[in-house]
Amino acid sequence: MKIVIIGGTGLIGRPLVDLLQAQGHDVVTASPSKGIDALTGAGLAQALTNASVVVDVSNAPSFEDDACLAFFRGTTANLMEAARGACIRHFVALSVVGTDRLQASGYFRAKLAQEELIAASGVPYTIVRATQFFEFLSTIADSYTQDGTVFLPGIALQPLAAGDVSALLAEIAIAAPANGIVEVAGPERAPLAEFAGSWLGAYDDPRGIVVTTASEYFGAPADNRTLVPGAGARVALTRFNQWLAAQSRERAA
């Protein structure tokens with residue numbers, strides 16, 4: 001079938017394109033660099049012609065509140081209009097576990113607005129909420145660093161590898177629409193500080209970690225339930241230590 005990947009040149013999109021092409025699908029890699037811009041609508045109608053599935057793994061270029069909202073509202077409105085016109089049979093969008101619980105954050109308000117537009121569109125859909133990626137741990141550590149120490153909130157994570165997200169999306173894209181939310185997560189749940197400490201150790205990063213009493217995640221109130229999935233989530237196979245070992249081998253190659 002013809003499958004269009006919005007954001008097909010990014011961390012999740014690029015391996016997703018490769019996986020679906022390997023299965024024999026006709027995959028369109030959609031991004032502004034390819035002349036297909038979901039925010040302006042340029043090239044969308046042509047890209048979606050004769051397509052069966054659209055997968056949106058794009059992300060806002062800015063995390064500023066108004067810019068995020070404008071991006072997700074604008075791109076999603078254009079995508080749903082184009083999807084209805086093309087009679088798309090399945091629209092898949094990547095979102096984040098905990099989106100509805102992190103509404104003090106402008107980014108997550110924008111993601112929820114995206115989800116609501118998709119659900120109200122009339123197009124058969126699946127919203128895939130993923131937990132935080134292993135690859136994001138460096139950004140988390142950097143964002144919480146002060147004077148050479150990482151001050152982290154005492155909250156739990158159940159992260160997964162970006163490659164596993166792509167693999168799960170490839171399965172979900174060709175399956176029947178859920179017309180609802182599917183959660184995906186990694187196989188291990190532990191304190192954020194534990195994952196961050198392992199990452200720092202694997203990269204010989206000298207920063208120490210202090211667990212604070214703050215109950216927040218990038219400024220939004222959070223606790224041990226906020227960023228972890230509920231019952232029934234699809235669980236990826238790659239464990240964190242396996243991923244770290246693979247990263248070490250790649251750096252040594």
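Q: What makes a stretch count as a helix or a strand here?
A: Helices (H or I, at least four residues) and strands (E, at least two) are DSSP runs, numbered from the N terminus. Keep in mind that this is a predicted model. With those labels in hand, Cys87 can be placed in the loop between H3 and E4.

Q: Why is Cys87 called exposed?
A: The cut-off for exposed is over 50% relative accessible area. Cys87 comes out at 59% relative accessibility, so the label holds. Its backbone is worth a look too: phi is positive, about 55°, although Cys87 is not a glycine.

Q: And Cys68, is that one buried or exposed?
A: Buried means under 20%. Cys68 sits at 0% relative accessibility, so it counts as buried.

Q: How many disulfides does the structure hold?
A: Zero. To qualify, a pair of cysteine sulfur atoms would have to be within 2.5 Å.

Q: What makes Asp147 another backbone to check?
A: Asp147 has a phi near 50°, a positive value in a residue other than glycine. You'll find Asp147 in the loop between strand E6 (145-146) and E7. With a relative accessible area of 82%, against a cut-off of over 50%, Asp147 is exposed.

Q: How do you know that the length of helix H4 agrees with its residue count?
A: H4 covers residues 106-119, which is 14 residues. The expected span is 1.5 Å times one less than the number of residues. That gives 20 Å, and the end C-alpha atoms are 20 Å apart, so the two agree.

Q: What makes H4 a mostly covered helix?
A: Of its 14 residues, 10 are buried, and each of those has to fall under 20% relative accessible area. Among them are Tyr107, Phe108, Leu112 and Ile118, and the set also includes Lys111, Gln114 and Glu115.

Q: What do the buried residues of H4 pack against?
A: They pack against helix H3 (65-85) and against four strands by name: E3 (53-56), E4 (90-96), E5 (125-130) and E9 (180-185).

Q: Which side-chain oxygen reaches a backbone nitrogen at the start of H4?
A: That would be a side-chain oxygen of Ser105, which comes to within 3.3 Å of the backbone nitrogen of Tyr107. The limit for a polar contact is 3.5 Å.

Q: How do you know that E3 is covered on both faces?
A: Val53 and Val55 are on one side, Val54 and Asp56 are on the other, and all are buried. In a regular strand the side chains alternate between the two faces of the sheet.

Q: What makes E3 and its neighbours paired strands?
A: Pairing takes at least two bridges. Four bridges join strand E1 (residues 2-6) to E3, in parallel, and Val54 in E3 is the bridge partner of Val4. Four bridges also join E3 to E4, again parallel, with Val54 opposite Phe91. Then E4 and E5 pair over six bridges in the parallel sense, with Leu94 opposite Val128.

Q: Why are E2 and E14 called edge strands?
A: The sheet is an open one of seven strands, ordered E2-E1-E3-E4-E5-E9-E14 with parallel pairing. Strand E2 (26-30) and strand E14 (234-235) each have a single partner strand, so one side of each has no neighbour in the sheet.

Q: Which strands stand at the edges of the three-strand sheet?
A: That open sheet has the order E6-E7-E11, with mixed pairing. E6 and E11 each pair on one side only. E7 and E11 are joined by five bridges and run parallel, and Phe151 has Val210 in E11 as its bridge partner.

Q: How do you know that the buried residues of H7 line one face?
A: The buried residues of helix H7 (residues 192-202) are Leu192, Ala193, Phe195, Ala196, Trp199 and Leu200. Viewed down the helix axis, they fall within an arc of 160°, so they line one face. Their packing partners include helix H5 (137-143), strand E7 (149-153) and helix H8 (240-252).

Q: Why is Arg207 called buried?
A: Its relative accessible area is 17%, and the cut-off is under 20%, so buried it is. Arg207 is found in the loop between H7 and E11.

Q: What makes the Arg207 side-chain pairs polar contacts?
A: The distance limit is 3.5 Å. The side chain of Arg207 meets the side chain of Asp142 at 2.9 Å and that of Thr145 at 2.8 Å. Arg207 also touches other residues, including Trp199 and Leu200.

Methods
Residues numbered from 1 in each chain as written. Predicted model: local features only at pLDDT ≥ 70, side-chain atom pairs only at ≥ 80, totals over all residues. Heavy atoms only, no water. Buried < 20%, exposed > 50% of the residue type's maximum accessible area, 1.4 Å probe, protein only. Contact = heavy atoms within 4.5 Å. Polar contact = N/O pair within 3.5 Å; in protein donor to acceptor, adjacent residues only side chain to side chain. Arc of directions from axis to C-beta. Lists of a residue's contacts leave out its neighbours within four places in sequence.
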